[in-house]
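Student: Please take a close look at one part of this structure and then place that part in its wider setting.

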Amino acid sequence: MEEISVEHPSVEMGRPQEESAPLRFRSIGFYRQSLAKNLGPEVFKTEPWRLGWYFACLLGAIFSFLLIVRGALGWPEKLALGIVIGLCHGTLAFIAHEIFHGSVIKNQKIQNILGFFAAIPFFISPTFWKFWHNRLHHGKTQQLIRDPDAFPNLRIYKASRFIQVMFPFTPGSGHKRSYLYFFFWFSFHNFVAQTYLRFRNEIFDSLDQRKVSLEFGAEIIIALAFLVYAGPANWIWVLFVPLIVQNYLVMSYISTNHNLSPLTKDNDPLLNSLTVTNNNVLEFLNLNFGYHVEHHIFPSVSGKHAKQIHKELLRQFPETYKSMPKWKAIKALYATPRIYKNAHELVNPETLSTHPTL
């Protein structure tokens, strides 16, 4: 296997080393072969019992919705139930993520049916999600333009009025409005992508546009039906509060998993991804979603086994594997801007201050 060396500040467990050392690009296949030797066969089996999370969260969200609409409750109780709905929706996104990767069930028709209902709170077509996330993001991780989750460089920023308008909302921009980012970006980004970007960006040329439009339209209709049933007086509790909570739950992980990392031409998860750890209880409730290096190496392996893979990565690749507590990653995210000057440097286009990536 050919290895390509690049100069880049090394990070071990999320802490910069005192001296820089050349890092080598390795393929995902290399890591899979190396790690699989010490992982039991149970790690690679589907985990259908994870559907318990799916149905518990779906029923929890529906029951809370009905209590808000039909119950004689005051605003404190409705607020609490709105938060519960948001937490259920966020966890549904985590389990739908596993379902779409085939770690829960293999039947793709069932995957799409389950994923459709889990994605309604975020207005995401299952077909779009699989193409965007499974194909583009996983196949082209942290590649400029090719990965729709990767932030742009300075050249693209200067050429795009939309990016210039949105930059103040991004972590590390130095603007107060950036603290709203976690609470709206996931839904906003996917909505814009499905209504506008997929028709204008060539990376979506092979996407089944008709199917996406049908699924997306059906989700909007179902969501509107729920809102009509709830009545305008309850929209703040059944729509806005849940959106804020569910976006934070999902986006606080997604941002820290990649947006501190360098851009890479070669898809090496130890260089372009970051694992973020949390309190054991929160990790359990969030289905180990923060173990993202592990997920990019074995996307079809259930999050149930993420910690086992985590330990093996620490043992085999202690110098290049990157991991840090989630709160530290969020702090680092707000200490650095989200525009790339080059593959390994971030720049604030308004102040021109530069910062190294991990």
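**A buried aspartate and the core**

Tutor: Leaving aside residues up to four places away in sequence, Asp147 touches His137, Lys140, Thr141 and Gln142 (contact: heavy atoms within 4.5 Å). The model is predicted, so local features need pLDDT of at least 70 and side-chain atom pairs pLDDT 80 or more, while totals for chains, interfaces and linings use all residues. Residues are numbered from 1 along each chain as its sequence is written, and side-chain values use heavy atoms, without hydrogens or water.

Asp147 sits in the loop between helix H5 (126–139) and helix H6 (154–159); helices are DSSP runs of H or I, at least four residues long, numbered from the N terminus. Asp147 is buried (under 20% relative accessible area, 1.4 Å probe, protein chains only), yet has no salt bridge (a side-chain nitrogen of Lys or Arg within 4 Å of a carboxyl oxygen of Asp or Glu). The nearest side chain of opposite charge, Arg146, is 11 Å away; Lys and Arg count as positive, Asp and Glu as negative, and His and the chain ends are not counted. A polar atom of the Asp147 side chain does lie 2.8 Å from the backbone nitrogen of Gln142.

The wider setting includes the largest nonpolar core, of 67 residues (buried Ala, Val, Leu, Ile, Met, Phe, Trp, Tyr and Cys joined through side-chain atoms within 4.5 Å). Tyr54, Phe128, Phe186 and Phe204 touch the most other members. H5 is one of the helices that each supply at least two residues of this core, and H10 (235–258) gives the most, with 11 residues.

Definitions and conventions. Buried < 20%, exposed > 50% of the residue type's maximum accessible area, 1.4 Å probe, protein only. Polar contact = N/O pair within 3.5 Å; in protein donor to acceptor, adjacent residues only side chain to side chain.
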